[in-house]
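User: I am new to this structure. Please walk me through how its chains and its DNA fit together.

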Number of protein chains: 2
Amino acid sequence: MDSGPMAPRRGRPPVSDRQRQRRRLDISRHAVRLFAEQGVAATSGGQIARAAGVSERTLWRWFPSKESCVEPLLTQSVAAFQEVLHAWPPEADLTEHLRAAYRPAPDASSAGDAEAVLTVIRMTRDEPALRALYLVLRERAEETFAEVLAGRAGGSADLLDVRMRAATMSAVLKVATDDLARAVAEKGITPEALRRHREQLADALSHVTRGL
Amino acid sequence: MDSGPMAPRRGRPPVSDRQRQRRRLDISRHAVRLFAEQGVAATSGGQIARAAGVSERTLWRWFPSKESCVEPLLTQSVAAFQEVLHAWPPEADLTEHLRAAYRPAPDASSAGDAEAVLTVIRMTRDEPALRALYLVLRERAEETFAEVLAGRAGGSADLLDVRMRAATMSAVLKVATDDLARAVAEKGITPEALRRHREQLADALSHVTRGL
DNA sequence: AGGTTATTGGCAGTCACTGACAATAAAGTG
DNA sequence: CACTTTATTGTCAGTGACTGCCAATAACCT
């Protein structure tokens, strides 16, 4: 793979992954707002591109479909849970850990994003394409769950038992999150709703990790 | 809703649901064969329509997208499991019931369909659109699971706990089925592979229904 | 046969998305 | 600063999935 001594880089450097993520996230916010305002079908790719200040061609380079524009926002929210899970101390009970660590980041943009994410999840009820995307993202996260579980059990992440537990965690998280999205539909995200959500999750997941 | 005495029906009667399902299933078989032979991207809607002996316009009336043409076949296989679950006697253990009742229908067309279904599931690895559709179908089946579970527990099907158990069953079934699809990739469906699959499923699901 | 309704087929159109290429931006080098 | 090199963007024309519209036909009735 390596071909001798590195020649010093020449020409324009490629954009960093960091930059990529930020730009995709920016487009994602515009797309979600437009989808929420006027529906997915009524929102064109050109419209999203214009809102994000980019040409339509570039939009299609960054996203394979207009529905997939919601992906960065949703993924970001899934990633938050993944981080909590990674931070799960080996000796602790998952229930206790979630109660302690599963709190929303309190900065303003996160709060806005959280509302946006739940809005999208609510939209998936009537927008099949969004639901499909959402389920694919959730399944993608199962791999991370499997790695964490495998690390604890000392097994491999592709053992059937580990994959089943990971899929189960994902399923529980999905139901709990859908429930949260419905619960906050009218009054917005309240600390009380979050607390209920956290408790439901902690309770259900404790059953999953029981025989670990 | 009812507007007086039924006038005797006039004109051509609408197609029965039975007929609809059979025709969709027929198209589905052709679509899956073409997808498997040449890939999804290389298969056009017109091609599927021609193979099924119908005009392209009609194909789009029966299916909202070319990928969704695989739906009837997949749904049929999910329905088989749903029937087994419905037949679950109230006093029996789920493990025992599955060992006794979860057998493939032995007729020829079912066997061919079963191979086709597993082929599609294997294809979902590299075809994101198919994976998305597959996950949506699986989630749709959760409602049935919830009804069965609710009937046993005496609760309502939209209780959070019931929905979580249903989603968990669905997740376990998904992982087990993906595993089966991989296992039979080379040698085709063997009785031994089916036995293993059934045992894995029965074992995992017994944990799910433990506290019922 | 003739009336009535459900379904189909053909045709034109829209729009998501792609390939190819010119234009521009962001570096390094003299 | 001029010049080279590479990464990214924009423009434009094209493809193909999918829809609306309407005429044609099929299936049932009297």
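Analyst: One definition comes before the questions. A residue is near a strand if one of its heavy atoms lies within 4 Å of that strand. The model is predicted.

User: Of the atoms of DNA strand C within 4 Å of the protein, what share belongs to sugar or phosphate?

Analyst: The atoms of DNA strand C within 4 Å of the protein are either sugar or phosphate atoms, or base atoms. Bases supply the rest once sugar and phosphate are counted. The share of sugar or phosphate is 59%.

User: Which base atom of DNA strand C lies 2.8 Å from a polar side-chain atom of Arg57(A)?

Analyst: Arg57(B) also places a polar side-chain atom 3.2 Å from a base oxygen of strand C. Val15(B) instead uses a backbone N or O atom, 2.6 Å from a phosphate oxygen. For Arg57(A), the partner at 2.8 Å is a base oxygen.

User: Which element gives the most to the surface near DNA strand C?

Analyst: In all, 25 residues surround the strand. They divide into 8 nonpolar, 7 polar and 10 charged. The top contributor gives 4 residues, and that element is helix 3 of chain B.

User: What relation links chain A and chain B?

Analyst: A rotation of 180° superposes chain A on chain B, with an RMSD of 0.1 Å. The shift along the axis is 0.0 Å. The relation is therefore that of a two-fold axis.

User: What percentage of the contact residues of chain A recur in chain B?

Analyst: Both copies use the same surface. The contact residues of chain A recur in chain B at 100%.

Key: Residues are numbered from 1 along each chain as its sequence is written. Chains are lettered from A and ligands numbered from 1 in the order in which they are written. This is a predicted model: local features need pLDDT of at least 70, side-chain atom pairs count only at pLDDT 80 or more; totals for chains, interfaces and linings use all residues. Side-chain values use heavy atoms; hydrogens and water are left out. Copies are superposed by least squares on the C-alpha atoms of residues with pLDDT of at least 70 in both. Contact means heavy atoms within 4.5 Å. A polar contact is a pair of N or O atoms within 3.5 Å; within protein, one must be able to donate a hydrogen and the other to accept it, and residues adjacent in sequence count only if both atoms are side-chain atoms. Helices (H or I, at least four residues) and strands (E, at least two) are DSSP runs, numbered from the N terminus. Ala, Val, Leu, Ile, Met, Phe, Trp, Tyr, Cys and Pro count as nonpolar, Asp, Glu, Lys and Arg as charged, and the others, Gly among them, as polar.
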